[in-house]
Amino acid sequence: MFTPQDYQFMARALQLAERGSYTTDPNPNVGCVVVRDGQVVGEGWHIEAGGPHAEVHALNQAGKLAQGATAYVTLEPCSHHGRTPPCVDALLGTGVARVVVAMEDPYPQVSGNGIKRLQDAGIDVDCGLMNEQAQALNAGFVSRQQRGRPYVRCKMAMSLDGRTAMASGESKWITGRAARQDVQRLRAASSAIVTGIGTVLADDPQMNARVDEAVKQPVRVVLDSQLRFPAKAKMAQDGGQVWLATNQTDVAIRQAVLLSGVNLIDLPVVASGGVDLNALMSALADRDVNDVLVEAGPTLAGAMLAAELVDELVIYMAPCLMGDAARGLFHLPGLESISQRLALDIKDVRSVGADIRITARLK
């Protein structure tokens with residue numbers, strides 16, 4: 001069904017789509033390549049939310065050469081009016097003869113409709129080329145549409161013997177500069193960074209994305225059941241968004257915290273007195289959060305694992321030993337036998353400077 005040239009041009013469209021990873025949120029990353037007589041005549045990608053979509057950029061570049069051409073698009077062209085006109089209309093207006101789509105759009109208002117409109121207009125449409133790669137490029141968007149919750153990555157740093165901090169709590173820095181910069185790219189590709197109030201009180205982190213490229217800064221989400229968030233916290237001083245997930249009902253405490261410019265997400269109480277993590281994920285999805293990066297201590301990270309809310313672990317392992325008195329990677333009470341262990345699929349292992357990055361998913 002698909003030729004080697006089809007794969008070549010779709011691979012290029014996927015490369016282009018990835019360029020929007022830091023700026024398109026909450027929209028998906030999309031790339032488009034227009035090809036006529038075996039030659040690329042137009043390229044484009046979705047640069048930022050609210051701006052023209054990939055197809056529009058590519059068709060504008062192609063101009064009259066789009067007549068009779070093939071358009072390779074990583075996501076089904078939209079067929080509805082949002083902040084921009086439908087991309088289907090743009091394709092129909094240029095005389096494109098064939099459209100190759102990597103994946104159907106999971107968004108209910110679009111799913112299948114864009115493809116049908118193109119087919120009804122007499123355009124040849126082939127769907128499914130490099131679908132797996134396209135799905136991976138928009139894992140968060142797909143998760144929010146299909147599961148009603150974001151895609152969750154949990155980032156941890158540890159020593160070779162699995163420790164994250166000394167017994168005193170000292171942890172700065174376990175990993176080297178290259179690994180820390182790699183984390184900045186993880187942040188930049190995330191819609192939200194989730195941490196606990198304990199981390200805020202202990203380390204006063206800024207938790208923004210510090211990269212050289214243009215980036216839409218992620219929201220910082222702090223689990224803070226009793227609203228202990230300090231008004232002078234660094235993350236409240238840089239103009240970015242901070243959301244506190246809480247079950248605190250005291251009006252005076254709530255008003256005092258709101259003066260620091262944060263927003264509150266009210267969640268149900270769980271037996272431990274903390275906040276309901278499943279409810280938090282639903283609330284974030286309702287706020288158009290696609291990708292969550294958890295950067296927290298062993299207690300919250302362990303709770304996320306126990307609640308089966310972690311889709312992917314990203315663990316940076318430093319070439320050092322911290323001893324058996326140091327703090328462990330995850331707090332996972334109740335695991336007493338080998339049969340209860342959490343099995344992982346290792347998806348990627350690579351060197352990042354002097355450290356090793358392990359990417360794994362729960363089986």
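Partly exposed here describes a residue whose relative accessible area falls between the buried range, under 20%, and the exposed range, over 50%. Asp89 fits that description, with 34% relative accessibility. Welcome to this predicted model! The points below walk through its nonpolar cores, its nine-stranded sheet, a selection of its salt bridges and one buried loop residue.

**Nonpolar cores**

- The largest nonpolar core contains 37 residues, and Met10, Val34 and Val99 have the most contacts inside it.
- Two or more residues of this core come from each of helix 1, strand 1 (31-36), helix 2 (54-62), strand 3 (70-73), helix 3, strand 4 (98-101) and helix 4.
- Helix 1 supplies the largest share, with five residues.
- Val34 is a good place to start looking: beyond its neighbours within four places in sequence, its contacts include Val40, Val41, Ala58, Leu59, Ala62 and Ala71.
- There is also a second, separate core of 34 residues, and among them are Leu267, Ala283, Leu305 and Ile315.

**The nine-stranded sheet**

- Nine strands make an open sheet with mixed pairing, in the order 11-10-9-8-12-6-13-16-15.
- Strand 11 (263-266) and strand 15 (344-352) each have a single partner strand, so each edge strand has one side without a neighbour in the sheet.
- From one strand to the next, the twist averages 25 degrees.
- Strand 13 (residues 312-318) and strand 16 (residues 355-362) run antiparallel and are joined by five bridges.
- To find a facing pair, look for Tyr316, which stands opposite Arg357 in strand 16.
- Helix 7 (residues 177-188) lies across several strands, including strand 6 (151-159), strand 8 (192-196) and strand 12 (291-294), and runs at about 165 degrees to strand 13.

**Salt bridges**

- The model has 21 salt bridges in total.
- One of them joins the side chains of Arg12 and Glu43, at 2.8 Å from N to O.
- Arg12 belongs to helix 1 (residues 4-18) and Glu43 to strand 2 (residues 39-45), so this pair ties together parts that are 31 residues apart in sequence.
- Both partners are partly exposed: Arg12 has a relative accessible area of 25%, and Glu43 has 23% relative accessibility.
- Another salt bridge links the side chains of Arg117 and Asp89, again at 2.8 Å from N to O.
- Since Arg117 sits in helix 4 (residues 113-120) and Asp89 in helix 3 (residues 87-92), the pair ties together parts that are 28 residues apart in sequence.
- Arg117 is partly exposed, with a relative accessible area of 33%.
- In a further salt bridge, the closest N and O atoms of Arg350 and Asp348 are 2.8 Å apart.
- Arg350 is partly exposed at 44% relative accessible area, and Asp348 is partly exposed at 21%.
- Arg350 and Asp348 also belong to a network of salt bridges that links them with Asp182, Arg185 and Arg357.

**A buried loop residue**

- Gln248 lies in the loop that runs between strand 10 (242-246) and helix 9 (251-258).
- With a relative accessible area of 10%, Gln248 is buried, because buried means under 20%.
- Setting aside residues up to four places away in sequence, Gln248 touches Ser225, Gln226, Leu227, Ile253, Arg254 and Asp266.

Definitions and conventions:
Residues are numbered from 1 along each chain as its sequence is written. This is a predicted model: local features need pLDDT of at least 70, side-chain atom pairs count only at pLDDT 80 or more; totals for chains, interfaces and linings use all residues. Side-chain values use heavy atoms; hydrogens and water are left out. A salt bridge is a side-chain nitrogen of Lys or Arg within 4 Å of a carboxyl oxygen of Asp or Glu. Helices (H or I, at least four residues) and strands (E, at least two) are DSSP runs, numbered from the N terminus. Buried means under 20% relative accessible area, exposed over 50%, partly exposed in between (1.4 Å probe, protein chains only). Contact means heavy atoms within 4.5 Å. A nonpolar core is a set of buried Ala, Val, Leu, Ile, Met, Phe, Trp, Tyr and Cys residues joined through side-chain atoms within 4.5 Å. Two strands pair if DSSP finds at least two bridges between them. Axes are lines fitted to C-alpha atoms, for helices over the stretch in contact, and angles run from 0 to 180 degrees between N-to-C directions.
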